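Work through the exercises below with the sequence and the model in view. Try each task before reading its solution.

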Amino acid sequence: MNNLPTAAATLEDLSPAAVPHGQELPIDVQTSYDGSNVVYRMLRLETWGPALMNLGYYPFRWPFTTLNVLVNLEWAQRQLVMKSVDLLNIKPEHHVLDLACGRGKSSFIIHCLYPGATVVGLDLLNRNIAVANALFDHLPGLSYAAGDVTDLKFDDGSVDRILCLEAAFHFPDRAQFLREAYRVLRPGGRAVVVDFAWKTEAHRDTLDDPETRLVREVWQWDDFFSIADYEHAAVDAGFRIVSTHDWTSRVSTPIQAVFRCLSDLGNNSLGRRFLEWRNPLYRSISPTDWKALAESVVAHQYVRNNSNYMVFVLQKPE
Ligand SMILES: C[S@@+](CC[C@H](N)C(=O)[O-])C[C@H]1O[C@@H](n2cnc3c(N)ncnc32)[C@H](O)[C@@H]1O
């Protein structure tokens, strides 16, 4: 992991001016998941952190997207895990790797759904693994380890199923991650990769636009794959593509509406009073933070317009 010199205190510190054009961003994944990041600080009040750290899968499509704010976000996050796990077709005796498992709850969900399977959750950040161990300790068949998905410490052909949910955008080398996934899977094994992807190669041209740079700083990523890049890299690694799914309308569109709704409330004194009544912990978000969040909503919408939320179901041939 590279080092980011200083953790930004608010999104104002993450303004595009702080990152000159033409310069690669120094990636420090940890700053996406700690209190230095105001987007994370807000998400933390809406369930992120103690366990799942994904955007969730929502029941209401446009034009009812803001209704999702009434939905329990943790429920939506669990839905996203279960929808993704469904595509893995896990059998009771399987060895399952949950790559970039965050703070371990997705691995725990797999363990609960398939108690006979052996599940290992792996994440880059030691502090995430420490939380996972503290939360989900003493369950036979479920364990956690720190590690980098681009350099897996597992034997060739030793794993039946791999889940990688909403994390590959961080990886500096997604092609290497796919090669590693292929290597550790047994013939006939399956991987489900859920990630953001540029809609087309042309959408990558927005990579250095100020809005995109802001979102790249918040979520610590250098570039996305396009959908075509994913398909090519998976095939180059040796995979057969079983199916691809576009979950944009169920994941990134509704969470964006939720984000906008919270930001609109927070940037209005009556709305802020309502939020603080609903959840007094919102008092920890300052007026400056709310201003930064409003800027971030616009930036996230910009990236949302250029990218899709994709699922790739990949099979290692027999
Ligand atoms: C958005 S979170 C998703 C976590 C989890 N999959 C979930 O659904 O709650 C992304 C995770 O990817 C992890 N990560 C980023 N780069 C990684 C790498 N190279 N190897 C392993 N984990 C990584 C981060 O530490 C973070 O926990």
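**Exercise 1: Two backbone angles**

Ala100 sits in the loop between strand E1 (95-99) and helix H3 (105-113). The model is a predicted one.

Task: State the sign of phi at Ala100, and decide whether Ala100 is buried or exposed. Then do the same for the phi and the accessibility of His138.

Solution.
1. Most residues other than glycine have a negative phi.
2. Ala100 is not a glycine, yet its phi is positive, about 60 degrees.
3. The relative accessibility of Ala100 is 18%. Buried means under 20%, so Ala100 counts as buried.
4. His138 lies in the loop between helix H4 (126-135) and strand E3 (142-146). His138 also has a positive phi, near 60 degrees.
5. His138 has 72% relative accessibility. Exposed means over 50%, so His138 counts as exposed.

**Exercise 2: The whole chain**

Task: How many helices and strands does the protein chain have, and how compact is it for its length?

Solution.
1. The protein chain contains ten helices and eight strands.
2. Its radius of gyration is 19 Å, and the globule rule gives 20 Å for 318 residues. The two values are close, so the chain is as compact as a globular protein of that length.
3. Of the 318 residues, 56% are buried.

**Exercise 3: The cores**

Task: Which residues touch the most other members of the largest nonpolar core?

Solution.
1. The largest nonpolar core has 71 residues.
2. Tyr33, Trp219, Trp221 and Tyr309 touch the most other members.
3. A second, separate core has 31 residues, including Phe177, Ala197, Ile227 and Tyr230.

Definitions and conventions
Residues numbered from 1 in each chain as written. Predicted model: local features only at pLDDT ≥ 70, side-chain atom pairs only at ≥ 80, totals over all residues. Heavy atoms only, no water. Helix = DSSP H or I, 4+ residues; strand = E, 2+ residues; numbered from the N terminus. Buried < 20%, exposed > 50% of the residue type's maximum accessible area, 1.4 Å probe, protein only. Core = buried A, V, L, I, M, F, W, Y, C linked by side-chain atoms within 4.5 Å. Rg over C-alpha atoms; globule rule 2.2 N^0.38 Å.
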